[in-house]
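Biologist: I should be grateful for a close look at one part of this predicted model, namely its second largest pocket and what lines it. Please then relate that part to other local features of the chain.

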Amino acid sequence: MVSIDLKDETEALYFFSYMKKILAEQKMDGQVHVTVSDAFVNICKQAECIPTIFIKKSISRALAHYVLRFYEQSFTMELLQKKFHYYDKEEINEIIFMMNELVNGERENIPNQPKDIRKKLLEEDFFILLQETSFFDITSFFRFRLKRYKALLCSFLEIAIDEYKMEQEYQNLIEEWRRYVQTKTSWIHTIYLSYHKKECHLFVHPEEKQTLGENMSWIDKRLFQYIELQHTPPILASLLSLAPKKIMIYTKERDALFIQTIQNIFQESVSFYQDDSFIKENVIMLDFLTINAYN
């Protein structure tokens with residue numbers, strides 16, 4: 001028989017229900033007896049024909065699920081506070097949200113992500129413990145085991161923290177550029193922007209191009225203090241300098257980071273369209289912006 005002392009009756013009932021579910025899936029529910037009393041769950045083999053190892057593996061699987069369901073967030077918060085020294089509740093929630101996206105495979109573009117084997121590590125640790133004892137207190141288990149599991153959590157957290165910091169820097173930068181545009185005199189009323197597979201071009205009506213000239217005197221040299229602009233298409237610096245009242249973007253790639261950045265800066269000034277036949281027929285390309293913006 002295996003007897004497990006869980007934290008409270010609510011968690012014991014949850015574990016009891018999930019254990020019964022696993023036994024039913026493996027067609028062992030009539031051959032293994034599970035009872036719950038207060039915070040204790042007892043599991044006893046009823047049929048000698050079932051190898052004990054199968055039952056212990058089922059228990060380990062249920063316990064791994066139980067830990068992920070009830071305790072992973074508290075483990076994560078503890079690591080953030082004690083190891084990474086984050087104490088602000090909002091920051092902690094943001095980092096945990098990003099970590100959850102990582103483990104759920106929602107940020108596949110981030111390199112060097114560890115493989116998500118949390119459940120496997122937990123199952124292995126519980127199975128080893130069940131080989132050593134048939135009775136244990138879950139709280140003591142948390143205190144003295146789980147080193148590999150918590151190390152994996154740390155690996156995910158390190159990436160999540162880096163992503164959180166970059167996201168904060170990006171948002172601060174966007175806010176700074178947004179304020180810059182809002183306080184700047186506009187050089188031009190309407191810009192037409194075509195974006196396709198990272199190739200970007202600006203267009204204007206002929207009369208608006210005449211007001212600009214091609215000497216680039218309207219480029220704000222203060223923008224060159226931003227290293228970030230040196231790693232983006234020169235058109236972004238041009239848009240910030242021109243501060244147009246209206247930007248009409250023709251693209252099928254609204255989710256592209258460059259397009260999202262423009263939308264975040266210029267907000268309600270941006271409109272989206274898919275068919276760019278209009279701008280090719282009625283306006284003039286500002287090709288010198290692309291070529292000379294940083295020269």
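**The second largest pocket and its surroundings**

Modeller: In this predicted model, helix H7 provides the largest share of the lining of the second largest pocket, namely three residues. The pocket itself has a volume of about 160 Å³. Its lining comprises 14 residues, and those closest to the centre are Val 181, Gln 182, Ala 243, Pro 244 and Ser 269. Two helices, H7 (147-183) and H10 (257-266), each contribute at least two residues to this lining. Sorted by class, the lining holds five nonpolar, five polar and four charged residues.

Helix H7 deserves attention beyond the pocket, and Glu 163 is one of its residues. Is Glu 163 buried or exposed? Glu 163 counts as buried because its relative accessibility is 17%, and the cut-off for that class is under 20%. Leaving aside residues up to four places away in sequence, Glu 163 is in contact with Met 98, Arg 107 and Ile 110.

Helix H2 permits a check of geometry. It runs over residues 52-70 and has 19 residues, so at 1.5 Å a residue a span of 27 Å is expected. The C-alpha atoms at its ends are 27 Å apart, which agrees with that expectation. The buried residues of H2 include Ile 55, Lys 56, Ser 58, Ile 59 and Ser 60. Ala 62, Leu 63, Ala 64, Tyr 66 and Val 67 of H2 are also buried. As background, an α-helix has 3.6 residues a turn, so residues three or four places apart point the same way.

Two loop residues merit separate comment for their backbone angles. In general, most residues other than glycine have a negative phi. Lys 27, by contrast, has a phi near 55°, a positive value in a residue other than glycine. Lys 27 is located in the loop that joins helix H1 (9-25) to strand S2 (32-37). With a relative accessible area of 68%, Lys 27 is exposed, since that class begins over 50%.

Asn 112 also has a positive phi, near 60°, and is likewise a residue other than glycine. Asn 112 belongs to the loop between helix H4 (89-103) and helix H5 (118-132). Its relative accessibility of 74% is the reason that Asn 112 counts as exposed.

Conventions:
Residues are numbered from 1 along each chain as its sequence is written. This is a predicted model: local features need pLDDT of at least 70, side-chain atom pairs count only at pLDDT 80 or more; totals for chains, interfaces and linings use all residues. Side-chain values use heavy atoms; hydrogens and water are left out. On a 1 Å grid over the protein atoms alone, a cavity is a set of points where a 1.4 Å probe fits but cannot get out, and a pocket is an open set with protein on both sides within 12 Å along at least five of seven lines; lining residues have an atom within 4 Å of a point. Grid points are joined across faces, edges and corners, and a volume is the space filled by probe spheres set on the points. Helices (H or I, at least four residues) and strands (E, at least two) are DSSP runs, numbered from the N terminus. Ala, Val, Leu, Ile, Met, Phe, Trp, Tyr, Cys and Pro count as nonpolar, Asp, Glu, Lys and Arg as charged, and the others, Gly among them, as polar. The expected span of a helix is 1.5 Å times one less than its number of residues. Buried means under 20% relative accessible area, exposed over 50%, partly exposed in between (1.4 Å probe, protein chains only). Contact means heavy atoms within 4.5 Å.
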